[in-house]
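Thank you all for coming. I would like to walk you through one structure today, and I will begin with how helices are set against each other.

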Amino acid sequence: MLNTPAFGPCPAGRFKYCLVLFVVFITCSAVLLPRDSFALWPFSTQPKEPYVARVDDRFITPTELLTAMDRRHKSGRAGRSLSKTKSFDRQDFRKLLNEIIDDELVQLEAENLELDKAPDFVRAMENYSLNLSLDRLRQDEVVSGVKVEEGEIEKYWERIQELGGGAPKEEPRVMTPADRWQIERKIRKKNIGRREQEYFVQLRQGASVKIDEEALASASPDDAGLLDGAVAYIGREPVTARELFKEMEPEKRGDYGERKKKLESLVVYRLLDREALRRGYDKEPKVAAKIERYRGKALIDHFKRKIVLRMVEVKEEDISDYYEKNRENYRQPNRVKLKVIHLNTFEEAEVIYDDLKKGADFTYLAKKKSVDTRSGAQGGDMGWAPVTVVPEGIRAEVEAAERGAIFGPFEYRYGYSILKVLGHEEGGYTALKDVRRDIEVTIGRERFHSTLRRYLDRLREVVAVEINEAELEKFVGK
């Protein structure tokens, strides 16, 4: 009977034998065991629940698809998640799933190109993580400890009454729920501000901070040799003059008092950053999940800006060609030269209209009768205006009318009006120089999307992408 240890390395002479057994075991397992069985292996990337799609070694589960749908399509007005309604049909789910697949492809490609290691991307991730941690620190040390007592609300209300909130010699007005909410909100804001200042002082007093008064006084934004010198130390970490001046308005950099004030603020900010990072908030599941979601979105955006956008080129001849092919889109409306009389009532307008038909002078009546003093002072003259200012009901007739034709009375804005046509002018075209930028943006946007689509199509050819149709059918049928 062999006395072989249950676990441990194979003897040197039996290495090949052990390797053969291992390969045979793996091969048999792949044939005999169902695919889901490999989820039990510690090195398997397959999720515990069924998946609806796979991109390389990344799996998209029904739960993730539902979450993505809620995040992208949640109704802002109703505040309801569309995943809990019947609003989505089969094509909507498939379209969304393909969008998620495209996002995964972009993230994979961005990582392959090591865009996630680019300094600006790393800084953006650090800033986002730090901001989340600072928000948690503020919640823990400031907001969560602030309460508004009933006595504070009552005292605030009494002060309002004393300052004139209630009419003299009358019963004081009873505080409504809306009053209470507003007062509580104001008191809470004030208390939070007070607690913030207390916490800042607490941090500052508990830290080892040394300000170099001489260096602070002698530092100059124009002296490159002094900019990287330390004006203060937080523990062993220096705060340089360059960092200080970067935070200051140029006109205040020469004022020592302003320097000292800004340096104190900068020290507190650094202490807050250090404390927030020290607590390891970024390791908490909810915070870590937020950071991971942001990372995915930021990486996609980084890829589009750094890779796809740089592949897009819009030449001057492209802009000219687009303008010529779409010239009618830049035609200005026809113009008409008019005189107008505005009146308050239909009866007044009807009398004026009859007088005009009998030969009365339009300019004279406009000055005497028009309720619009601005146009009336000009004898009703509106000058040249786009024909679109004419009410739609009579616009075609006005455009076709001969010089001197009178129209009215018709309802216009706050009363009734009468028009006299003095001339017509065909609308010209907006000059290319005035729409050049808009055309460039339009062409660039179209080419960006088409370039991205081609890039994604090529990625789908080289990256393993699988949609689990059977699982998707069950998922859609829910």
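Before the helices themselves, a word on angles: those under 35 degrees count as roughly parallel, over 145 as roughly antiparallel, 65 to 115 as roughly perpendicular and the rest as oblique. Helix α4 (residues 119-141) and helix α10 (residues 256-278) pack at about 90 degrees with their axes 9 Å apart, and α4 and α10 are therefore roughly perpendicular to each other.

Please keep in mind that this is a predicted model, in which local features need pLDDT of at least 70 and side-chain atom pairs count only at pLDDT 80 or more, while totals for chains, interfaces and linings use all residues. Residues are numbered from 1 along each chain as its sequence is written, and side-chain values use heavy atoms, with hydrogens and water left out.

Which residues in α4 meet α10? Taking contact as heavy atoms within 4.5 Å, they are Leu130, Ser133, Leu134 and Leu137, and they meet Leu272, Asp273, Glu275, Ala276 and Leu277 in α10.

Helix α10 also has helix α6 (residues 177-205) as a partner, where the axes come within 10 Å and cross at roughly 85 degrees, so α6 and α10 are likewise roughly perpendicular to each other. Here Tyr199, Phe200, Leu203 and Arg204 in α6 meet residues of α10 including Val267, Val268 and Leu271. Leu272 and Glu275 in α10 take part in this contact with α6, and they also appear in the contact with α4.

Finally, for the whole protein, buried residues (under 20% relative accessible area, with a 1.4 Å probe and protein chains only) make up 32% of the 478 residues.

How values were computed:
Axes fitted to C-alpha atoms, helices over the stretch in contact; angles between N-to-C directions. Helix = DSSP H or I, 4+ residues; strand = E, 2+ residues; numbered from the N terminus. Buried < 20%, exposed > 50% of the residue type's maximum accessible area, 1.4 Å probe, protein only.
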